[in-house]
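Reader: Hello! Could you walk me through some links in this protein and explain how each one earns its name?

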Amino acid sequence: MAQCLGPTMLLLLLLWLLLRWSSSAAQNRCVDAAEACTADRRCQRLRTEYVAQCLGPAPPGGCPRVRCRRALRRFFARGPPALTHALLFCPCGSPACGERRRQTFVPACAFSGPGPAPPSCLAPLDACEHSRVCRPRLLAFQAFCSPAPSSPDRCQPDQAPNCLRAYAGLMGTAVTPNYLDNVSTRVAPWCHCRVSGNRQEECEAFRGLFTRNRCLDGAIQAFDSGWPPVLQDQLDSHQDLEHRLLQVSSADGPLEGCSMFSMLLVLALQPLL
């Protein structure tokens with residue numbers, strides 16, 4: 001009879017496979033952020049609510065955009081900021097992570113649409129200017145994410161946290177921004193300025209608040225250095241798992257005969273590799 005894993009070796013393999021999986025997840029901060037939100041009752045409840053609203057029943061070819069964006073605003077207004085911002089600004093080093101970050105807030109409903117092609121940026125800008133919800137948030141974003149008046153080439157000292165809060169406040173409004181691709185931190189609302197007539201300069205200035213804003217870019221890129229402690233604890237847990245794995249391996253014994261159950265369990269865990 002062929003030998004296979006005994007109880008100690010089986011436990012060792014289980015821990016090793018979990019370590020492989022958790023190490024892979026540790027390289028994707030957006031996964032860490034999602035897991036931390038799931039573990040927090042309030043964050044998970046609000047997140048489930050906006051996902052349900054954004055993916056809920058809608059007319060053919062459309063989505064419940066008003067309800068979706070309202071739920072998204074509620075998520076950022078009432079959710080724990082450390083967790084909501086981690087979901088929004090999680091740093092990425094791979095396209096897979098970047099795509100997960102880009103898809104986090106159901107962009108097919110909350111970000112793009114209702115038409116198949118992006119409109120002129122003047123449309124969401126005008127809608128925002130006439131909205132009691134959007135207008136003050138856009139003004140706050142302009143105030144907190146603009147270069148220092150005394151030096152247009154430099155951002156105001158310690159403005160990054162306020163800039164990120166103001167940016168998050170735009171989520172769920174008429175000018176909801178999102179990441180433009182999965183390989184960078186470039187953001188913008190779903191719009192363009194190709195056909196803006198005599199308001200071309202105004203259109204470009206508005207879009208430039210997102211696409212040519214060094215203060216916003218710096219704040220997003222610097223978020224990694226301010227990774228919330230609640231999420232840093234998750235990263236530390238990966239190291240603890242590796243330490244426990246080494247302890248188990250030191251107590252390992254010789255291979256023994258094993259049951260069909262352990263063989264099936266090993267096979268079932270193969271996808272984790």
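Author: Gladly; disulfides come first here, and salt bridges follow. This is a predicted model, where local features need pLDDT of at least 70, side-chain atom pairs count only at pLDDT 80 or more, and totals for chains, interfaces and linings use all residues. Residues are numbered from 1 along each chain as its sequence is written, and side-chain values use heavy atoms, with hydrogens and water left out.

Reader: What makes C30 and C90 a disulfide?

Author: The term needs a pair of cysteine sulfur atoms within 2.5 Å. In C30 and C90 the sulfur atoms are 2.0 Å apart, so the pair qualifies. C30 sits in helix α2 (residues 29-39) and C90 in the loop between α5 (81-89) and α6 (95-103), 60 residues apart. Helices here are DSSP runs of H or I with at least four residues, strands are runs of E with at least two, and both are numbered from the N terminus. The whole structure holds 10 disulfides.

Reader: Why is C30 called buried?

Author: Buried means under 20% relative accessible area, exposed means over 50%, and partly exposed lies in between (1.4 Å probe, protein chains only). C30 has 2%, so it counts as buried. Its partner C90 has 1%, so C90 is buried too.

Reader: Why is the disulfide of C37 and C43 called left-handed?

Author: The torsion about its S-S bond is about -105°, so the disulfide is left-handed. For C121 and C191 that torsion is about 85°, so their disulfide is right-handed. C121 lies in the loop between α7 (107-110) and α8 (122-129), and C191 in the loop between β2 (187-189) and α11 (200-211), so the pair ties together parts that are 70 residues apart in sequence.

Reader: How do you know that R199 and D126 form a salt bridge?

Author: A salt bridge needs a side-chain nitrogen of Lys or Arg within 4 Å of a carboxyl oxygen of Asp or Glu. For R199 and D126 the N to O distance is 2.9 Å, so the pair meets the rule. E202 also forms a salt bridge with R199, with the closest N and O atoms 2.9 Å apart. Shared partners join D126, R199 and E202 into one network.

Reader: Why is E202 called partly exposed?

Author: Its relative accessible area is 37%, which falls between the two cut-offs, so E202 is partly exposed. R199, with 27%, is partly exposed as well.
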